[in-house]
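Dear colleague,

I am passing on the structure we spoke about, together with an account of what was found in it. Please have it open beside this message as you read.

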Amino acid sequence: MDNKNLMVNDCSLEGVRPVMVALPYPPIQVRGKNQKYADLLSVDYCGSVSELSAILQYINNENRMGGEHCSLVKTILGIAMAEMMHLQKLGELIHLLGGNVCFETKKDGMWSPSCLTLPECIPQMLRADLESEKAAIRQYRIHINAIADDCVNAVLRRIIMDEEYHIMILQSLMKNGCGC
């Protein structure tokens, strides 16, 4: 039996940065407390279509892609890092609006791994990630239309810019093709 240490891969993730549009976020502020708005943002925070779901789906995919796809792994991790920033900003907004920052929504209940799509093949992973980004944008636009707070909506519009950028990157990765 060989006693060599097993390594996950030889892909160094040191220096990976969030994959996002190179524009600042608006200040995290609200016009006033509003539980209805906080409840809407909690769906974006940890609902079935949410930043929490996106983060965990990307991280899971990144872990399963393996070191032979180092460039792809770094890109997926960078997208996950941007989603973490979105989660943090939404949490701040929820708090400022007077809501409870937790992993439960009035719409979806407690967050669950059943919210994730975790296919086995890289092309299917990228397709699932792409569809999740599109769903997030649709949901953010619905929430923008329901929220009459320009400060909150400015942050949501800025997050959408990152999500649209992620779609562009995912589409590019899919064109390059990785077989199952």
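**Helix packing and the disulfide**

H1 passes H3 in a left-handed crossing. Please keep in mind throughout that this is a predicted model. The axes of H1 and H3 come within 9 Å and cross at roughly 160 degrees, and that angle makes H1 roughly antiparallel to H3, since angles over 145 degrees count as such. On the H1 side the contact is made by Ala38, Leu41, Ser42, Asp44 and Tyr45, which meet Leu87, Leu90, Gly91, Leu93 and Ile94 in H3. Sorted by class, the contact of H1 with H3 has seven nonpolar, two polar and one charged residues.

H3 also packs against H5. The axes of H3, which covers residues 70–96, and of H5, which covers residues 150–176, come within 11 Å and cross at roughly 165 degrees; H3 and H5 are therefore roughly antiparallel to each other, and their crossing is left-handed. From H3, the residues Leu72, Thr75, Ile76, Ile79, Ala82, Glu83, His86, Leu90 and Leu93 take part, and they meet Val152, Val155, Leu156, Ile159, Asp162, Glu163, His166, Ile169, Leu170 and Leu173 in H5. By class, the contact of H3 with H5 has 13 nonpolar, three polar and three charged residues. Leu90 and Leu93 of H3 appear in the contact with H1 and again in the contact with H5.

As for H3 itself, its 27 residues should span 39 Å at 1.5 Å a residue, and its end C-alpha atoms are 39 Å apart, so the expected and computed values agree. Just after H3, glycine 98 takes a positive phi of about 95 degrees.

How many disulfides does a search of the whole structure find? The search finds one, formed by cysteine 11 and cysteine 70, whose sulfur atoms are 2.1 Å apart. This pair links distant parts of the chain, with cysteine 11 lying in the segment before helix H1 (35–46) and cysteine 70 in helix H3, 59 residues apart. The link of cysteine 11 and cysteine 70 is right-handed, with 75 degrees about the S-S bond.

Taken together, H3 is a partner in both helix contacts described here, with H1 and with H5, and H3 also holds cysteine 70 of the disulfide.

With best wishes

Notes. Residues numbered from 1 in each chain as written. Predicted model: local features only at pLDDT ≥ 70, side-chain atom pairs only at ≥ 80, totals over all residues. Heavy atoms only, no water. Axes fitted to C-alpha atoms, helices over the stretch in contact; angles between N-to-C directions. Helix = DSSP H or I, 4+ residues; strand = E, 2+ residues; numbered from the N terminus. Parallel < 35°, antiparallel > 145°, perpendicular 65-115°, else oblique. Left-handed = near helix turned anticlockwise from the far one by under 90°. Contact = heavy atoms within 4.5 Å. Nonpolar A, V, L, I, M, F, W, Y, C, P; charged D, E, K, R; others polar. Expected span 1.5 Å × (residues − 1). Disulfide = S-S within 2.5 Å.
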